[in-house]
Amino acid sequence: MIDKLACPSCHKKYEVFENIYLCRKCDTKYVQSNGLLNFLPVLQNENGLDKLILENTGYEILAAASSGDLRRADNLIQKIIKPLESQHESQQELAVKNIIGPFEYFYEKHSKHLSENAKANFTTIYNLLRYELECIAGKYDSSFVLPDKIIDNLPRGDYLEVCIGPGNNIKRIMDSGKAHTVTGCDISKRMVERASRFFDNGHSLFFRADANRLPLLDESFDVAIMLNTLDRIPDIRVALRELYRVLRQEGSLVIGNCQPLQYEKFLDNGLRLTYVPKKNRIRNVCEAVEISGCQLKEEIKSVPWHIETVIDNSEDLEVDVVVGIKNGTAKTNRI
Ligand SMILES: [Zn+2]
């Protein structure tokens with residue numbers, strides 16, 4: 001399975017030495033630690049907030065987030081979350097509020113003065129923090145699974161799911177018998193660990209990565225899946241192009257998302273701090289397929305989805321799902 005891994009910057013195949021993944025072209029390396037592959041980047045520095053005096057760890061994370069250092073923010077987040085693992089559920093929920101609270105407060109107070117890059121960096125960290133916390137508390141907002149009528153029409157072959165969450169969907173794919181191999185990634189450490197618990201064979205590969213920088217070789221998959229992320233990833237157009245890049249010719253792209261896309265929700269209640277720049281926003285799942293470069297093949301509207309999260313409690317939503325096909329004649333330059 002590791003033969004599919006490539007440098008997220010130049011897409012050259014990694015040279016692997018025990019637990020070290022080396023890109024000779026970029027002279028960069030990633031080290032596997034505790035069995036977990038982590039391809040999260042140290043983002044480019046974006047200054048503006050790091051001069052603020054930060055009083056507690058929540059604010060330290062925010063400083064790292066706004067300065068774009070994803071690794072540093074991640075280290076801080078992991079340090080805070082670790083002790084919560086052994087606590088009672090009510091304490092976990094309280095801790096979630098205490099951690100998320102400063103984020104919301106900080107964002108409300110400062111977002112007007114942030115650059116687009118800083119807001120995007122902040123969103124990435126917020127997603128990471130939120131999914132780590134939700135994973136601990138045993139509640140997820142990524143547990144949508146594809147309906148049978150979509151899976152039945154997908155080809156057999158190598159499957160990729162980006163932003164796998166707790167792995168419910170990729171497990172369903174594996175159970176369908178369609179997948180020769182499954183590969184999954186997520187930004188959250190715990191989601192990756194949780195998803196990989198379903199698989200202990202040599203036909204699966206799970207790692208941490210940013211959706212817009214996939215550490216995967218070109219044309220390695222027959223099916224690529226992304227569910228409920230269109231309104232959460234700041235560089236979503238890049239992420240869609242990444243899915244196209246790693247698909248083989250005639251491969252299938254599957255996009256599912258709640259409709260309508262809720263870009264502005266965080267402005268009402270401060271709970272969803274996602275920031276996708278206006279120029280990157282997408283109207284619906286069909287447009288997402290078009291942006292990727294694939295051609296639309298199949299569309300299913302209004303799949304019911306019950307969502308239960310730590311932060312938002314529960315909601316009944318509807319998801320639209322589309323399947324696109326990659327072929328050589330599709331448009332390829334729309335980002
Ligand atoms: Zn490279």
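Helix α4 (residues 116–136) and helix α7 (residues 189–196) have axes that come within 7 Å and cross at roughly 45 degrees. This crossing makes α4 oblique to α7. On the α4 side, the contact is made by Tyr131, Glu132, Cys135 and Ile136. Lys189, Arg190, Met191 and Arg194 are the residues that α7 brings to the contact. Sorted by type, the residues of this α4–α7 contact are four nonpolar, four charged and no polar. The model described here is predicted.

The chain also holds an open sheet of three strands in the order β1-β2-β3, with antiparallel pairing. The edges are taken by β1 and β3, each with a single partner strand, so one side of each has no neighbour in the sheet. Neighbouring strands of this sheet are turned against each other by 20 degrees on average, direction ignored.

The strands of the sheet are placed as follows.

| Strand | Residues | Place or pairing |
|---|---|---|
| β1 | 15–17 | edge of the sheet |
| β2 | 20–23 | antiparallel to β1, joined by three bridges |
| β3 | 28–31 | edge of the sheet |

Within this sheet, Phe17 stands opposite Ile20 in β2.

For the protein chain as a whole, there are ten helices and eleven strands. The protein chain has 335 residues, and buried residues make up 46% of them. Of the contacts in the protein chain with a separation of 6 or more, 68% are between residues 24 or more positions apart.

Note on methods
Residues are numbered from 1 along each chain as its sequence is written. This is a predicted model: local features need pLDDT of at least 70, side-chain atom pairs count only at pLDDT 80 or more; totals for chains, interfaces and linings use all residues. Axes are lines fitted to C-alpha atoms, for helices over the stretch in contact, and angles run from 0 to 180 degrees between N-to-C directions. Helices (H or I, at least four residues) and strands (E, at least two) are DSSP runs, numbered from the N terminus. Angles under 35 degrees count as roughly parallel, over 145 as roughly antiparallel, 65 to 115 as roughly perpendicular and the rest as oblique. Two residues are in contact if their C-beta atoms, placed from the backbone, lie within 7 Å. Ala, Val, Leu, Ile, Met, Phe, Trp, Tyr, Cys and Pro count as nonpolar, Asp, Glu, Lys and Arg as charged, and the others, Gly among them, as polar. Two strands pair if DSSP finds at least two bridges between them. A residue is buried if 20 or more other C-beta atoms lie within 10 Å of its own, exposed if 12 or fewer, and partly exposed in between; C-beta atoms are placed from the backbone.
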